[in-house]
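Let's take a stroll through this protein, starting with its strands and ending up in its core. Have the sequence and the 3D view open as you read.

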Amino acid sequence: MEKYLHKVAYYETDKMGITHHSNYIRWMEEARVDFLDKVGWGFRKMEESGLASPVLNIQCSYKRSTTFDDTVEITTYIKEIGTLRMTIGYEMRKAGASEIVCTGFSEHCFFGSDGRPVRLEKDLPDFYEAMKAHLRVAS
């Protein structure tokens, strides 16, 4: 599991001073990019090797509000990994707090530069093992 910090900007809030719901999805992407960099498989490396990873599904569940100037700590982990798909999980908390403000996941598939699906375990064993090392077993 990797941690990513995001400080809520003023423009990310609505008239009530609460973070607009759409921002949590963007923060998931920021955390995903950071996570992949930290585990040695950043987007630049993937793209240079001809790998594309579109989002197939994204889900976000809001638990508590955040506001301007809050720092949100996003824990990113591999929720599921299979032959053709991978699901990344996200848990968001205000930094230093234990209460979850938002949970979510994003589901991804992988294509090579030829447009054909990539079978992770067979075609990209190094990537597959790196992601498997960050798999969170359901409790």
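What follows covers strand β5, its partners and the nonpolar core.

Keep in mind that this is a predicted model. A handy place to start is β5, residues 100-109. Is this strand mostly covered or mostly open? It's mostly covered, with eight of its 10 residues buried.

β5 has a pairing with β2 and one with β4, summed up here:

| Strand paired with β5 | Sense | Bridges | One facing pair |
|---|---|---|---|
| β2 (residues 55-62) | antiparallel | seven bridges | Gln59 and Phe105 |
| β4 (residues 85-94) | antiparallel | nine bridges | Thr87 and Glu107 |

The β4 and β5 pair also makes a hairpin, with five residues between the two strands. Look for Gly96 in that turn: its phi is positive, at about 85 degrees.

Now for the core. The largest nonpolar core holds 31 residues, and the members touching the most others are Ile74, Met86, Met92, Phe110, Phe127 and Met131. Which elements supply at least two residues each? They are α1 (22-38), β3 (71-81), β4, β5 and α4 (125-132). Helix α1 gives the largest share, six residues.

Phe110 is worth a click. Setting aside neighbours within four places in sequence, Phe110 is in contact with Met46, Leu51, Ala52, Ser53, Leu84, Met86, Arg116, Pro117, Val118, Leu120 and Phe127. Two names on that list, Met86 and Phe127, also appear among the core members that touch the most others.

Note on methods:
Residues numbered from 1 in each chain as written. Predicted model: local features only at pLDDT ≥ 70, side-chain atom pairs only at ≥ 80, totals over all residues. Heavy atoms only, no water. Core = buried A, V, L, I, M, F, W, Y, C linked by side-chain atoms within 4.5 Å. Buried < 20%, exposed > 50% of the residue type's maximum accessible area, 1.4 Å probe, protein only. Helix = DSSP H or I, 4+ residues; strand = E, 2+ residues; numbered from the N terminus. Contact = heavy atoms within 4.5 Å. Pairing = 2+ DSSP bridges.
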